Amino acid sequence: MGIQITPVTKGVCGSVEIAKLFSKHEIHSIGDSHLQNIQRMKEAGVEGPFMLLRSPMLNEAESVIIYADISLNSEMVVIKSLDQFATRHGKIHDIVLMIELGDLREGIPSTHIDEYIKQISLLNNIRLIGIGSNLICLNGIKPTIEKMELLSSFAKKIKEKYATNLKIVSGGNSANFQWAQEVEEVGLINHLRIGESILLGTDPISRMKITGLMDDTFVLEAMVIESKQKPSKPSGIITFDAFGEVPSVKDEGEINRSLLAIGQQDLDIKGCNPIDRKIKILGATSDHLVVKSVGKKLTVGEIVEFRIAYRALLHLMISPYVKKKYIS
Ligand SMILES: *Cc1c(COP(=O)(O)O)cnc(C)c1O
């Protein structure tokens, strides 16, 4: 349907290995929200162009010009600063103007579009290559057919009024999958920025596997460091746990309890699930994951495997304590 894709590498902390895989395909650009990741990918020889997804911080404007080819923006003061550094470096910097469609994260109110377009057109070294929107992330607002039609209509007005060639109209992120399935006519939307769906093969709205994609691309392996039969219910006076919460535990008698050498510091335990259905997570502290195993005792040194969701992936890929092994 003529939609270009910018695969997003922030979920894998700008992994050079994964970015190199992406750049073998026909993509618009590689997207990341951290300039450090873009810099690292670029220096490691990943082919761009690179799109900075998070609006630049004012104090990184010069580095944005040096490392990123395109940035998403919603503040005039930042865009002007980008223009100054672009001029200094003799570069033309491409921007996508983000428009607020209701999720209330980044974006200018649609009533300000004219004012922004006029001001941007006065800058010599900034090229407005498109408009975009971001939904779902903060308030769960769904990218519906109506929302996308609205963005499309803004693009149409801009094109007509200013005779500018908006190269991209960037509808959103992985949450646009259902929209892309349902919609008959995409209008002027011709670009999406996709992280989660490509990396994990899932639709973030339905939480279902996307047909044709793999949903077992990442497996977490953690080693058993203690395995014992212990009571399920703690004994003594219960106060607060390591994270300031009062644990409540059901008494199921003696169970097989094992400790794994990974914890909250490295992952979000709500986003990881043991592949072996007989193993259940009981809890985690900063550096220990505690599981029970039903009908079998784990052995010390044994590896337990987990499926991971996006929120767990983010932490795991950032953690220096987690070894990353790439298998092709
Ligand atoms: C993170 C991010 C994306 C990618 O989101 P996914 O849900 O992983 O597809 C796209 N656009 C922006 C602005 C982002 O911050």
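**Exercise 1. How many bridges join β12 to strand β13, and in which sense do the two run?**

Solution. The model is a predicted one.
Step 1: β12 and β13 (residues 289–293) are joined by 5 bridges, and the two strands run antiparallel.
Step 2: to find the pairing by eye, start at Lys-280, which stands opposite Lys-292 in β13.

**Exercise 2. Place β12 and β13 in their sheet: what is the strand order, and which strands are at the edges?**

Solution.
Step 1: the open sheet has 6 strands with antiparallel pairing, in the order β11-β14-β9-β10-β13-β12.
Step 2: β11 (272–274) and β12 (279–284) each pair on one side only, and these are the edge strands.
Step 3: from one strand to the next, the twist averages 40 degrees.
Step 4: helix α9 (residues 310–318) packs on this sheet, where it touches β9, β11 and β14. The direction of α9 makes about 120 degrees with that of β14.

**Exercise 3. Trace the two partners of β9 in that sheet.**

Solution.
Step 1: on one side, strand β9 (residues 219–231) runs antiparallel to β14 (residues 303–308), with 5 bridges between them. Glu-221 is found opposite Glu-305 of β14.
Step 2: the other partner is β10 (residues 254–260), which pairs with β9 over 7 bridges, again in the antiparallel sense. Here Val-224 is opposite Leu-260 of β10.
Step 3: the strand order agrees, since β9 is listed between β14 and β10.

**Exercise 4. Describe the sheet that holds β5: is its pairing parallel or antiparallel?**

Solution.
Step 1: this open sheet has 8 strands, ordered β1-β8-β7-β6-β5-β4-β3-β2, and the pairing is parallel.
Step 2: its edge strands are β1 (4–7) and β2 (30–32), each of which pairs on one side only.
Step 3: with direction ignored, neighbouring strands are turned by 30 degrees against each other on average.
Step 4: as one pair from this sheet, take β5 (residues 93–98) and β6 (residues 126–132), which run parallel and are joined by 6 bridges. Asp-94 has Arg-127 in β6 as its bridge partner.
Step 5: helix α4 (residues 76–88) lies across β4 (70–73), β5 and β6, and runs at about 175 degrees to β5.

**Exercise 5. Which residues come nearest to the ligand, and which polar contacts can be listed?**

Solution.
Step 1: 14 residues are around the ligand, and the nearest are Lys-10, Ser-174, Arg-193, Gly-195 and Glu-196.
Step 2: the shell divides into 5 nonpolar, 4 polar and 5 charged residues.
Step 3: Arg-193 has a polar side-chain atom 2.8 Å from a nitrogen atom of the ligand. Glu-196 places a backbone N or O atom 2.8 Å from a ligand oxygen atom. In the side chain of Arg-105, an N or O atom is 3.2 Å from an oxygen atom of the ligand.
Step 4: on its own, the ligand has 390 Å² of accessible area, and the protein covers 93% of that.

**Exercise 6. Where are the cis peptide bond at Pro-49 and the positive phi of Ile-136?**

Solution.
Step 1: recall that most residues other than glycine have a negative phi, and that most peptide bonds are trans.
Step 2: the bond from Gly-48 to Pro-49 is cis, with omega near -5 degrees. Pro-49 is in the loop between α2 (35–43) and β3 (50–52).
Step 3: Ile-136 is not a glycine, yet has a positive phi of about 70 degrees. Ile-136 is in the loop between β6 and α6 (145–162).

Conventions:
Residues numbered from 1 in each chain as written. Predicted model: local features only at pLDDT ≥ 70, side-chain atom pairs only at ≥ 80, totals over all residues. Heavy atoms only, no water. Pairing = 2+ DSSP bridges. Helix = DSSP H or I, 4+ residues; strand = E, 2+ residues; numbered from the N terminus. Near = heavy atom within 4 Å. Polar contact = N/O pair within 3.5 Å; in protein donor to acceptor, adjacent residues only side chain to side chain. Areas by Shrake-Rupley, 256 points an atom, 1.4 Å probe, with all protein chains shown as cover. Nonpolar A, V, L, I, M, F, W, Y, C, P; charged D, E, K, R; others polar. Axes fitted to C-alpha atoms, helices over the stretch in contact; angles between N-to-C directions. Contact = heavy atoms within 4.5 Å.
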